[in-house]
Structure formats: structure tokens, C-alpha cells
Amino acid sequence: MTTTMQELHRKKQMSRKITMLTCYDYPTAVLQDKAGLDVIFVGDSLGTNELGYERETSVTLGEIVHHLKAVRRGVQEAYLLADLPYKTYDDPGMAMITARELLSHGADGVKLEGMQEAVISHLAGSGIEVCAHLGYNPQFHEKAAVKGKTYDAARALLESAVSLQNAGASMIVLELIPEELGKAITETLTIPTIGIGAGRYTDGQVLIVHDMLGLTPHPLRHAKNYANAGEWMLQAFRAYAEEVTNGQFPQPANARTMIDSERERFMG
Ligand code: KIV
Ligand code: NA
């Protein structure tokens, strides 16, 4: 049985935390699903973390679909969310085409950034589950910065969150906002809030998988390294290169041999 949006809402009602991570490939999806993550998310952070782009805005719909298909093959239990990339939801009609493309490749719901009330109400009106995304919006803000630090900015973000819920959003990601605002939005909304750099009180947390695995070169304040995968990988690559270079790998145990009688004939 796969996780439904209703179950995520029930978690909020029961004050049980929602767990979410980004994911861009099949083996990672299998492991995240096995670990019991509630939401597995193909974000457009695909671009900066997996494809080597400078900005999320370079990610195309085709690229999201390509990775979504791989992740879909690995997810059995979790709710599978996918990002609408930059410039693929300029108006409600365009957003509908994009969202349907992601759903047709196995997304359970879609996420988009900013104050897109018309788009959200159009998608939600035809039964599509939409996750909103406020605070720092990588598709629209040049630099990563905390949003809502002043009274006025915080009030505006709180009102925006309410508007997006009213427009029909099923869930909302809050990125880089003060903890006090994360708490206020979470207490005001009936839909689940998922924080990243939004403090302790949101209904759930999301991290970029590369950040929490230690694959990102520079540690980030909002994230935590649960592993040092980057260090392990580097050590493994170096050890392999060294062993191949000096003839330690492969060993006879790693090699395949011919049938004895055939070998004699073959070797002469
Ligand atoms: O694409 C992404 O990884 C995101 C998260 C920061 C929520 O949108
Ligand atoms: Na994103």
C-alpha cells in the first residue's frame, strides 16, 4: 500500500512528524523506501546536486521525467512527489500539461514554487495534489537567503501560506525561514508544512539527500551529515585506482577461467 496524501494529513492531525528526502536515482529510492520515508521527492535540486548545473533553473522537464522514472521503479511505499521545473507552469494551462506529464510517469503529486494561486486552484480543481513552496524559492530568488525575518515580511509570508492553502494546496514546503514563522504557519494551516531550514516546529522535515549523506563539499547550517558518503567514495576510488595501477586488483579469485582441457589446447 502506498502512502496517501490523506495519511500525511492524518500525521499532522496526530502531531506525528512527516519525513521527506530528495531522491534522483533508483538505488537511492530503494533504500529510502526501505527506510520508511513518508515522502520521496524528485526535486529540481537534481540540477545542482546530480547534473552539475549552476542553478536549478537549468533543469528541464525531460530531465525531471528521466529521473522520476528511475525513482518510480524503486519506490513502493512512499508518497512520490516531483517538482515542476522552472518556466513549465507560467499559466494554468501550461501547468496542467506539465503536471499531467509528471503524473503519467508515476508522480503521486507535484510541487511548485511561489504565489501561484491560479495555477494551484486549476490543478487542485482537477484532482491533482499540489505541494506549494514558500520562503526561499530557488527558481525565483537569485541568492539563498532567509525570508521573513522582519515583522512585515513574516506577516506577508503567513498570509501567503494561507492563500495557497485556500487555493487548494495539499501540503507546503517552507524553505529558509525563521523558526518562529515556521511554527506560526504550521499552527495556522490545516495542511502539512514541511521545513528545510525552517526550524523545529514544522509538521515534517525535508533535506537534500546529498547534504545529509555528506556528498556536498560545504556543510550547511540547516542540514546535518548523517554519513560521510563523499569521503567513503573518494577513499574507495583512490584505493581502486591504486590497486589496479600496482596489480593488486583483480586477484585470481576475481578472474574466470576456461575449461581445463580447453585451456591446454588454447594456450598451446
Ligand atoms: O528541489 C528541492 O530539493 C526542493 C527542496 C529544497 C524542498 O525544492
Ligand atoms: Na525544488
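Ala, Val, Leu, Ile, Met, Phe, Trp, Tyr, Cys and Pro count as nonpolar, Asp, Glu, Lys and Arg as charged, and the others, Gly among them, as polar. Keep that in mind for the ligand view below. And remember that everything here comes from a predicted model.

**Figure 1. The whole chain, split into domain 1 and domain 2.** Let's begin with the overall picture. The C-alpha trace spans about 85 × 35 × 35 Å along its principal axes. Domain 1 takes in residues 5-227, and domain 2 takes in residues 232-267. Their centres, taken over C-alpha atoms, are 45 Å apart. If you count up the secondary structure, you get eleven helices and eight strands. Of the 268 residues, 40% count as buried. Now take the contacts between residues at least 6 apart in sequence: 55% of them join residues at least 24 apart.

**Figure 2. The shell around ligand 1.** Which residues surround ligand 1? They are Thr22, Gly43, Asp44, Ser45, Asp83, His133, Val173, Glu175, Ile196, Val206 and Ile208. Sort this shell with the grouping from the top, and you end up with four nonpolar, four polar and three charged residues. A few of these names will come back in the next views.

**Figure 3. Asp44, Asp83 and Glu113, a "binding site" in UniProt.** An unreviewed UniProt entry lists these three residues under that label. They span 70 residues in sequence, but no two of their C-alpha atoms are more than 10.9 Å apart, so they gather at one spot. Look at aspartate 44 to start with: it sits in the loop between β2 (39-42) and α3 (46-49). Is aspartate 44 buried or exposed? It has 29 other C-beta atoms within 10 Å, and 20 or more is what it takes to be called buried, so aspartate 44 is buried. Skip its neighbours within four places in sequence, and aspartate 44 is in contact with Glu56, Val59, Ile64, Asp83 and Pro85. Notice that Asp83, one of those contacts, is also on the UniProt list.

Now move over to glutamate 113, in the loop between β4 (109-111) and α6 (117-125). This residue counts as buried too, with 23 C-beta neighbours inside 10 Å. Leaving out neighbours within four places in sequence, the contacts of glutamate 113 are His133, Asn137, Gln139 and Phe140. His133 also belongs to the shell around ligand 1.

**Figure 4. A "binding site" annotation that includes Lys111.** In an unreviewed UniProt entry, this annotation covers Asp44, Ser45, Asp83 and Lys111. These residues span 68 residues in sequence, yet no two of their C-alpha atoms are more than 12.4 Å apart, so they gather at one spot. Where do you find lysine 111? Its place is in strand β4. Lysine 111 is buried, with 25 other C-beta atoms within 10 Å. Not counting residues up to four places away in sequence, lysine 111 touches Leu81, Asp83, Leu84, Cys131, His133 and Val173.

**Figure 5. Strand β1 and its pairing partners, β8 and β2.** Strand β1 covers residues 18-22, and four of its five residues are buried. β1 pairs with strand β8 (residues 204-207) in the parallel sense, over four bridges. In that pairing, leucine 21 has leucine 207 as its bridge partner. β1 also runs parallel to β2, and three bridges join them. Here threonine 22 stands opposite phenylalanine 41. You have already met Thr22, as a member of the shell around ligand 1.

Zoom in on leucine 207, which is found in strand β8. With 20 C-beta neighbours inside 10 Å, leucine 207 counts as buried. Leucine 207 touches Leu21, Ile196, Met212 and Ala223, if you leave out residues up to four places away in sequence. Leucine 207 and isoleucine 40 are 167 residues apart along the chain, while their C-alpha atoms are separated by 11 Å.

**Figure 6. Glutamate 77, in the loop between α4 (61-74) and β3 (79-83).** How many C-beta neighbours does glutamate 77 have inside 10 Å? There are 15, so glutamate 77 counts as partly exposed. Setting aside residues up to four places away in sequence, glutamate 77 touches Thr2, Thr3 and Asp33. Compare its position with glutamate 50: the two are 27 residues apart in sequence and 24 Å apart in space, C-alpha to C-alpha.

Notes. Residues numbered from 1 in each chain as written. Chains lettered and ligands numbered in written order. Predicted model: local features only at pLDDT ≥ 70, side-chain atom pairs only at ≥ 80, totals over all residues. Near = placed C-beta within 6 Å. Domains from an automatic or database assignment. UniProt positions renumbered as here; feature names shortened; annotations may be inferred. Helix = DSSP H or I, 4+ residues; strand = E, 2+ residues; numbered from the N terminus. Buried ≥ 20, exposed ≤ 12 C-beta atoms within 10 Å, placed from the backbone. Contact = placed C-beta atoms within 7 Å. Pairing = 2+ DSSP bridges.
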